[in-house]
Each structure stands twice: as C-alpha cells, then as structure tokens.
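Q: I am new to this structure. Please take a close look at the part that holds its charged pairs, and then place it among the strands and cores around it.

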Amino acid sequence: RCAISAKMAWNCCLRQGLYFSRLTRQQHRHISTTLHRLTVGDCDRQASVPTSSNSSELYVRAAEDRGFNDFGWLQTHHVFSFAPFYKNKEHRGYGVLRVLNDDVVAAGKGFEPHSHTNMDIVSFVIDGALEHRDSLGNGSIILPGEVQLMHAGKTIEHSEYNPSPEQGSRFLQIWILPRTLGGESSYDQVKYDVDEVNTKGLTLIVQPNDLKSNASTVAVDQSVFGYCGKATADTGGLVLSLHGLPRGFLYVYSGTLELTVGVESRVCGMGDGIGLTQEGVVEVIDSMDEASFVWFALAD
C-alpha cells in the first residue's frame, strides 16, 4: 500500500512539475524516498542483469520504437528500458550502455533532488542550458559544447534544472555501468573541442579513467570511448572506431545520415540508434545535409 501510494505521489509530481520547496517536510521525504527507489532501485537493479543483443550485425533501435513520456515539464524519449516509466525487457541496454534518454525540459523546470548509486551518468546538452547542483557541493551551468559526468559511487544526490525562463533545454542523459561498485562519488564538467567537430567531424568527449589523457574529455569507470560527431559534405565518410572493444552504439540527435557496415547500408534519422559489432562509416546522403550524433565504443 505504501509503495503504491508513493508511486502515485511521485507520478503526480511529475505530471504537475511540482517543486519540493512547495511540499511539506513529510511529503518531501516520502517522494524523495520513492524517487530513489524507483529510478535507482528498479533501473539500477535491472542494469545488473546481463543485457542481450541481437546476433545479427546491426542492433536497431528505431526512433519510433523508443519509449516516450510527456509530463508537461519534461518530454523524454527512452532508447532503453527505464523503469517504471518505460519497461521493455528486450531492450535493457547495449553492452555497458544502460540508459540513453533524449530529454527536453521546459523553461524554469527540472529534476528535483534525488539519489543515484553505482552508475556513471553523462549529460550532453544539445540546446539551452542545464543547471546542476549536488550533495558534494558542486553547482554549475552546462551549455552546448560541454559535457558533464556524475560518478555515483555509494550515493550522490543531485538536481538538474533548466535555468532559462523562456527557452527549453534538450540534453542526452547517458548511463554507463561502472567497473567497480561503491567508493566515493565525484563530479566533472569539461568543454570539448567544438571546432574539431565542425572541421573533422568527430571529437572525443568520454574516455576510460585508466587511459584519460585529454583535458577536454570526462573519465568514466569503464572501457568506453564516447564521441560527439557531425557529418557534412566536407567531413566525408567518418569512421566509427571500436577501439578494440566488442561493440559500439550510434545515436543520431539531428539530421539524417547513412551508416555503412561491411556491405550493409542503412539510413538513420533523428532519434534512431544502431548497435554495431564492427566498425562502420557514416556520411550524409545529400551534399546540403548535415547530421549530428554521438558514438560510443563499448565493453560488454
């Protein structure tokens, strides 16, 4: 009964976009506990289950197959299962990539304080801004051209708000399963090389923490290499490197491109995700087109 009422209370807050400051201390504690249990308990517990992938060369998550929720203050597309808001036992991640949510937060709204454990969470802002605060004392604004990493060890509490009173904020929320559990939590935020994206088509934004050698990348506790990419007529074909890892995942967040893997080609538009087990090449179909994407080389 308590769990059901807690879930109903949290869903009510989601749909109304309520701020915790407007709630009583008892309501605040009740909903915070529920949020921790639902988003961390359910989602992270599912993440401990080995994910399965298709035996075929390409693992396809078409835009129209994603989960979707509209809470008024938040519109979110879920590439993978994200309990309790989108449950899909057949698509619970790809390799160590557990969550990829494409979120749009309304002006002046945001995610209330809640906790995470045992997860590396990368935030990649596409449009607008995101204001971060956490229990470690960090507070900052993340803008396009920047990437944020929150390493949740034993636990960390944080909030993410759209500070603009007028403009929506779109960002990718990416969860990566860490190699080690527990330990101290930490936070990092860097500016990546936007010029390199525009001229060369790819720039590194995520590296393993035991190999980090670039000040413009964040370091995750996992064998993962993440890139921000832009395909244009000038960049030509861009090779998606696996860095010797068993698989990779491409997510297109704007435009249309063509992905070629071996002898197979596939057109990918906004919201499409593709998993690969060998290196691929992406390029625009028309010389007037451009497409933006993220690419992750992943451990199993």
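A: Three words for accessibility come first: a residue is buried when its relative accessible area is under 20%, exposed when it is over 50%, and partly exposed in between, as found with a 1.4 Å probe on protein chains only. This is a predicted model, in which local features need pLDDT of at least 70 and side-chain atom pairs count only at pLDDT 80 or more, while totals for chains, interfaces and linings use all residues. Residues are numbered from 1 along each chain as its sequence is written, and side-chain values use heavy atoms, with hydrogens and water left out.

The charged pairs are salt bridges, meaning that a side-chain nitrogen of Lys or Arg lies within 4 Å of a carboxyl oxygen of Asp or Glu. The structure has 5 of them. Arg179, Asp210 and Asp221 belong to one network of salt bridges. To place them, strands and helices are needed: they are DSSP runs numbered from the N terminus, with strands (E) of at least two residues and helices (H or I) of at least four.

Within the network, Asp210 and Arg179 meet through their side chains at 3.6 Å, N to O. Asp210 sits in the loop between β13 (202-208) and β14 (218-220), and Arg179 in the loop between β11 (169-176) and β12 (186-191), so this pair ties together parts 31 residues apart in sequence. Arg179 also forms a salt bridge with Asp221, at 3.5 Å, N to O. That second pair links distant parts of the chain, 42 residues apart, with Asp221 in the loop between β14 and β15 (224-231). How accessible are the network residues Asp210, Arg179 and Asp221? Asp210 is exposed at 54% relative accessibility, Arg179 is partly exposed at 35%, and Asp221 is buried at 10%.

Another salt bridge joins the side chains of Arg133 and Glu131, at 3.1 Å, N to O. Arg133 is partly exposed at 49%, and Glu131 is partly exposed at 22%.

Arg133 leads on to the strands. Two strands pair if DSSP finds at least two bridges between them. Arg133 stands opposite Ser159 in β10, and strand β7 (residues 130-134) is joined to β10 by 4 bridges, running antiparallel. β5 is joined to β10 by 5 bridges, also antiparallel, and here Phe111 stands opposite Glu160. In strand β10 (residues 156-161), 5 of the 6 residues are buried, so the strand is largely enclosed by the rest of the structure.

An open sheet lies elsewhere in the numbering, with 4 antiparallel strands in the order β16-β21-β18-β19. β16 (238-240) and β19 (264-268) are its edges, each with a single partner, so one side of each has no neighbour in the sheet. The twist averages 25 degrees from one strand to the next, taken between axes that are lines fitted to C-alpha atoms, with angles running from 0 to 180 degrees between N-to-C directions. Strand β18 (residues 257-261) is held to β19 by 5 bridges, and Val261 has Glu264 as its bridge partner in β19.

The next topic is the nonpolar cores. A nonpolar core is a set of buried Ala, Val, Leu, Ile, Met, Phe, Trp, Tyr and Cys residues joined through side-chain atoms within 4.5 Å. The largest has 51 residues, and Leu100, Phe124, Leu172 and Phe249 touch the most other members. Its largest share, 6 residues, comes from strand β6 (residues 119-127). A second, separate core has 24 residues, among them Leu202, Leu204, Leu240 and Cys268. Beyond its neighbours within four places in sequence, Leu100 is in contact (heavy atoms within 4.5 Å) with residues including His77, Phe80, Leu172, Phe249 and Tyr251.

Last come some points of backbone geometry. Most residues other than glycine have a negative phi, and most peptide bonds are trans. Asn118, in the loop between β5 (110-116) and β6, has a positive phi of about 50 degrees although it is not a glycine, and Asn118 is partly exposed at 25%. His243 has a positive phi of about 55 degrees; this residue lies in the loop between β16 and β17 (247-254) and is partly exposed at 34%. Ala83 and Pro84 are joined by a cis peptide bond, with omega about 5 degrees, and Pro84 is in the loop between β3 (74-78) and β4 (97-105).

Definitions and conventions. Contact = heavy atoms within 4.5 Å.
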